[in-house]
Amino acid sequence: QVHLVESGGGLVHSGGSLRLSCAPSGSQVVGYSIGWFRQAPGKEREFVGAINWSGDSTHYKDSVRGRFTISKDNVKNTVYLQMDSLKPEDTAVYYCAAAEYYGVGQKYSFWGQGTQVTVSS
């Protein structure tokens, strides 16, 4: 089992920044990659980006590439989603999730509870 706890959501003006944190824990956490997803009201959940276990490889959804950065602190075993130049369309509940393998199209088996990000215009 992998347990995930997100934090850092909130309200920000358009053009502002927020940093989300995801702290994975549990007996199976070693080796798992972490992905970030979001779900806006009335829309399907979508992939935002992911990072591998060692923290040296990332990939992103096209619309956030260059504005969002995923990083990992291996000492704290915490993954961060730094969101800059935020737009109202980034408003959503953001989730982190864990996958056994890293790469496009991986299955994410464990999910956090989500944190709300609201960007005002």
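## Pairing of β3 and β8

In which sense, parallel or antiparallel, do strand β3 (residues 18–25) and strand β8 (residues 78–83) pair, and over how many bridges? In this predicted model, the two strands pair in the antiparallel sense, and five bridges connect β3 with β8. Within this pairing, leucine 18 lies opposite methionine 83 of β8.

## The four-stranded sheet

Both strands belong to an open sheet of four strands, ordered β1-β3-β8-β7 with antiparallel pairing. The edges are occupied by β1 (3–7) and β7 (68–73); each has a single partner strand, so one side of each lacks a neighbour in the sheet. On average, neighbouring strands of this sheet are turned by 20° against each other, direction ignored.

## Edge strand β1

Strand β1 is paired with β3 in the antiparallel sense, again over five bridges. Histidine 3 has serine 25 in β3 as its bridge partner.

In a regular strand, side chains alternate between the two faces of the sheet. Strand β1 shows such an alternation: the side chains of Leu4 and Glu6 point to one face and are buried, whereas those of His3, Val5 and Ser7 point to the other face and are not buried.

## Arginine 38 and its polar contacts

Arginine 38 is located in strand β4, which spans residues 33–39. With a relative accessible area of 6%, arginine 38 falls under the 20% cut-off and therefore counts as buried.

The side chain of arginine 38 takes part in polar contacts with two other side chains: that of aspartate 90, at 2.9 Å, and that of tyrosine 94, at 2.9 Å.

Methods:
Residues are numbered from 1 along each chain as its sequence is written. This is a predicted model: local features need pLDDT of at least 70, side-chain atom pairs count only at pLDDT 80 or more; totals for chains, interfaces and linings use all residues. Side-chain values use heavy atoms; hydrogens and water are left out. Buried means under 20% relative accessible area, exposed over 50%, partly exposed in between (1.4 Å probe, protein chains only). A polar contact is a pair of N or O atoms within 3.5 Å; within protein, one must be able to donate a hydrogen and the other to accept it, and residues adjacent in sequence count only if both atoms are side-chain atoms. Two strands pair if DSSP finds at least two bridges between them. Axes are lines fitted to C-alpha atoms, for helices over the stretch in contact, and angles run from 0 to 180 degrees between N-to-C directions.
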